Amino acid sequence: MAIFCSNEIKQFFELMQKPIRTSEELSVNVRLAITCLEGSLEIGKVLLELSAPKTKLRVQTQNFTRILYERADVNVANPITHTFQTGDGGQVVITLYSVAGHIWSEEELDILKIISNTIFHAFKMENMNTLLDQAMSKDLSVDISNINGFMQVVMEKFSRGLLEEYIGVYFNIHNFKYVNNVLPYVKADEVMAMYVNTVKNQVENDEVIARLGGDNFVVLIHSENIEKFFSFIRNVKLIYKDGNEEKKFRFGATIGAAKLNDIQRPGDVMIRISIAYQVARQQESADVIFYRDEYYRDVMKQKEIIAGFHRGLEQQEFVVHYQPKIMCKERVVYGGEALVRWNVNNQLVYPMEFIPILERDGSICKLDYFVLGKSCELLAKCKAEGIPLPHISVNFSRRHMENPYLVQEIVEIIDKYNVPHEYIEIELTESEDFRDYIVMATLIDELKAEGISTSIDDFGTGYSSLNMLKMTSIDILKIDKSFIPFDSEDSQKDKACIMFESIARLAGELGVMVVAEGVETEQQYEYLTGMGCDIIQGYYFDKPLPEEAFLEKVKMAKY
Ligand code: C2E
Ligand code: MG
Ligand code: MG
């Protein structure tokens with residue numbers, strides 16, 4: 001009992017209560033704590049043995065023995081052992097040896113049991129921290145590093161000046177969506193694990209592959225292995241056994257890459273490879289895109305545009321111009337297309353510079369509503385001033401298709417200005433995705449039910465224009481400039497004529513109105529009118545005009 005209450009024991013427990021994160025901290029703590037017991041418990045040596053299986057958290061089986069404390073005068077005979085379970089299938093054995101010439105009493109043996117137990121709990125804390133550290137740098141679902149693990153390797157190579165020997169890669173698996181479509185979620189995960197295993201085998205020990213989430217990966221590969229790696233991930237073939245059935249998959253990849261020879265900070269690696277990847281994705285490039293400084297500038301410019309957009313909209317920097325649409329035979333104004341411009345420091349910026357960026361970001365939807373509002377304001381003004389109402393068409397990005405309240409929101413805006421619905425036309429573009437047609441067909445019908453007409457813009461430039469005609473009850477086709485026959489004696493002129501005539505005839509038979517865009521010359525006008533085209537829009541008559549100039553044209557009796 002005397003020993004239990006001794007100051008040495010109290011000190012031992014105090015020292016062992018310190019938080020422990022690493023194996024070094026555990027060794028130091030145990031050494032200090034047991035040193036306090038010198039002269040009372042006479043411990044000569046403490047050994048800790050771990051044997052633990054591989055688990056979700058533990059990368060591989062672990063078996064080791066550590067000496068936590070040892071004196072020169074240890075008695076190696078007759079040690080006592082205490083065995084503990086780690087709770088995840090592992091076992092820890094703590095072996096205590098006495099100092100030479102000392103034999104532990106029953107009371108001392110009881111205290112030693114408590115001492116072993118205390119050491120075991122301290123070890124559990126260390127072990128848990130190690131496993132958590134591993135878990136935080138790993139993607140546990142597929143057993144490779146995650147972004148933290150990747151950055152640890154990058155930082156380590158950076159600090160040793162080795163980064164320049166490597167190429168950084170950011171890639172996304174092509175068509176993994178297909179696997180999710182044909183297999184249940186759990187099985188698709190198994191295919192992902194197979195994919196990861198296959199690709200992991202291409203990565204050598206001093207290289208690293210990490211999963212960012214979903215089907216996005218980053219890799220650090222030795223320069224001399226890079227071509228082999230690229231050709232591998234562009235064509236990964238897998239056979240998945242689904243019960244008795246074998247499913248074959250083939251995956252490509254969208255790849256961005258960067259040389260790392262002049263990296264100033266480890267964080268630049270991620271910046272470079274993600275920018276290269278973004279460019280590869282935007283260009284839908286089949287080739288690997290290597291990082292260039294101008295890509296960085298482009299991405300910064302895109303960020304600036306997106307950031308400036310919301311401010312610009314608030315500060316009324318966006319203006320709407322209207323390009324007259326003329327009825328061919330009558331030569332009178334049918335209406336106009338609303339085309340947005342961005343007035344930045346009194347310089348008009350044209351849509352091509354910002355619309356594709358806003359489209360990617362989704363902000364385009366807000367802009368389209370703004371243009372629709374402005375167009376309605378113009379119609380309300382005509383109504384108030386007794387000017388004949390022009391038909392105004394407004395471009396609506398495909399991004400709106402994701403919005404189930406689109407029609408309701410369009411109607412709300414038109415009704416706010418108290419404008420008759422039939423003077424508004426929504427211009428839509430074709431989609432490459434077959435499923436979008438179903439959404440589009442519903443949208444067109446719903447708009448029609450509200451008295452609002454729809455047109456297909458740039459008809460003919462999409463992937464399956466005829467499908468669009470077949471599946472929807474569209475009112476107007478706007479035939480793209482590239483199908484308008486030009487005047488030169490060019491060999492392509494005949495083909496353009498044949499295509500235009502066929503489209504116009506088809507549209508006529510389906511009762512769809514035809515608008516020809518980009519008409520620039522008298523001959524084109526004559527030809528198109530002869531072909532039965534209903535309406536013409538183009539520089540031949542007018543460029544897009546500011547509101548007042550457009551209204552002057554609307555008031556004109558004849559062109
Ligand atoms: P779009 O809808 O096909 O509009 C026609 C484009 O062709 C306009 O370019 C117009 O100025 C130009 N154009 C008209 N006549 C001629 C001609 O005779 N010759 C030539 N070479 N070009 C002609 P703009 O205004 O630069 O607009 C470009 C595109 O930006 C539009 O193509 C449309 O897709 C998009 N856009 C413009 N405003 C908006 C908007 O408010 N919302 C959305 N979502 N897109 C818009
Ligand atoms: Mg248009
Ligand atoms: Mg167009």
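**Two magnesium ions, two sheet regions and a pocket**

Hi everyone, let me start with one pair of residues: I456 has L477 as its bridge partner in strand 20. A word on terms before I go on. Strands are DSSP runs of E with at least two residues, helices are DSSP runs of H or I with at least four residues, and both are numbered from the N terminus. Two strands pair if DSSP finds at least two bridges between them.

Now the ground rules. This is a predicted model, where local features need pLDDT of at least 70 and side-chain atom pairs count only at pLDDT 80 or more, while totals for chains, interfaces and linings use all residues. Residues are numbered from 1 along each chain as its sequence is written, chains are lettered from A and ligands numbered from 1 in the order in which they are written, and side-chain values use heavy atoms, with hydrogens and water left out.

Back to strand 20, which covers residues 476-479. On one side, strand 19 pairs with strand 20 in the parallel sense over 3 bridges. Strand 21 also pairs with strand 20, again parallel, over 4 bridges. L477 takes part here too, with V514 as its bridge partner in strand 21. Which way do the side chains of strand 20 point? I476 and K478 point one way, L477 and I479 the other way, and all are buried. Buried here means under 20% relative accessible area, exposed means over 50%, and partly exposed is in between, with a 1.4 Å probe and protein chains only.

Strands 19 and 21 also bring us to the metals. What coordinates the magnesium ion that is ligand 3? D457 and D458 do so through OD atoms and E517 through OE, listed twice, at 2.1 to 2.4 Å. Donors are N, O and S atoms within 2.8 Å of the metal (3.2 Å for Na, K and Ca), and water is not among the atoms, so sites may look incomplete. Along the sequence, the spacing of these donor residues is D-D-x58-E. D458 lies in strand 19 (residues 453-459) and E517 in strand 21 (residues 513-517), so this pair ties together parts that are 59 residues apart in sequence. As for burial, D458 is partly exposed at 25% relative accessible area, while E517 is buried at 9%.

D457 has a second job: it bridges ligand 3 and the magnesium ion that is ligand 2, and the two ions lie 3.9 Å apart. Ligand 2 is coordinated by E337 (OE), N395 (OD1), E427 (OE) and D457 (OD), at 2.1 to 2.2 Å. The sequence spacing for this site is E-x57-N-x31-E-x29-D. Here E337 in strand 15 and N395 in strand 17 (residues 391-395) link distant parts of the chain, 58 residues apart. E337 is buried, at 3% relative accessibility, and N395 is partly exposed, at 24%.

Strand 15 turns up again in the next stop, the second largest pocket. A pocket, on a 1 Å grid over the protein atoms alone, is an open set of points where a 1.4 Å probe fits, with protein on both sides within 12 Å along at least five of seven lines; a cavity is a set the probe cannot get out of, and lining residues have an atom within 4 Å of a point. This pocket holds about 230 Å³ of space, where grid points are joined across faces, edges and corners and the volume is the space filled by probe spheres set on the points. Its lining includes K301, E304, R311, W342 and F354. Two or more lining residues come from each of helix 9 (293-314), strand 15 (332-344) and helix 10 (351-361). Helix 9 gives the most, with 5 residues. By type, the lining divides into 5 nonpolar, 1 polar and 4 charged residues. For that count, Ala, Val, Leu, Ile, Met, Phe, Trp, Tyr, Cys and Pro are nonpolar, Asp, Glu, Lys and Arg are charged, and the others, Gly among them, are polar.

Last stop, the antiparallel sheet. In it, 4 strands form an open sheet in the order 2-1-4-3. Strand 2 (62-70) and strand 3 stand at the edges with a single partner strand each, so one side of each has no neighbour in the sheet. Strand 1 (residues 43-52) joins strand 4 through 8 bridges, including L50 with V92 and S51 with Q91. Strand 3 (residues 80-85) pairs with strand 4 over 6 bridges, and I80 has L96 as its bridge partner. Strands 3 and 4 form a hairpin with 5 residues between them, and G87 in the turn has a positive phi of about 95°. Why call strand 4 largely enclosed? Because 7 of the 8 residues of strand 4 (residues 91-98) are buried. Thanks for listening!
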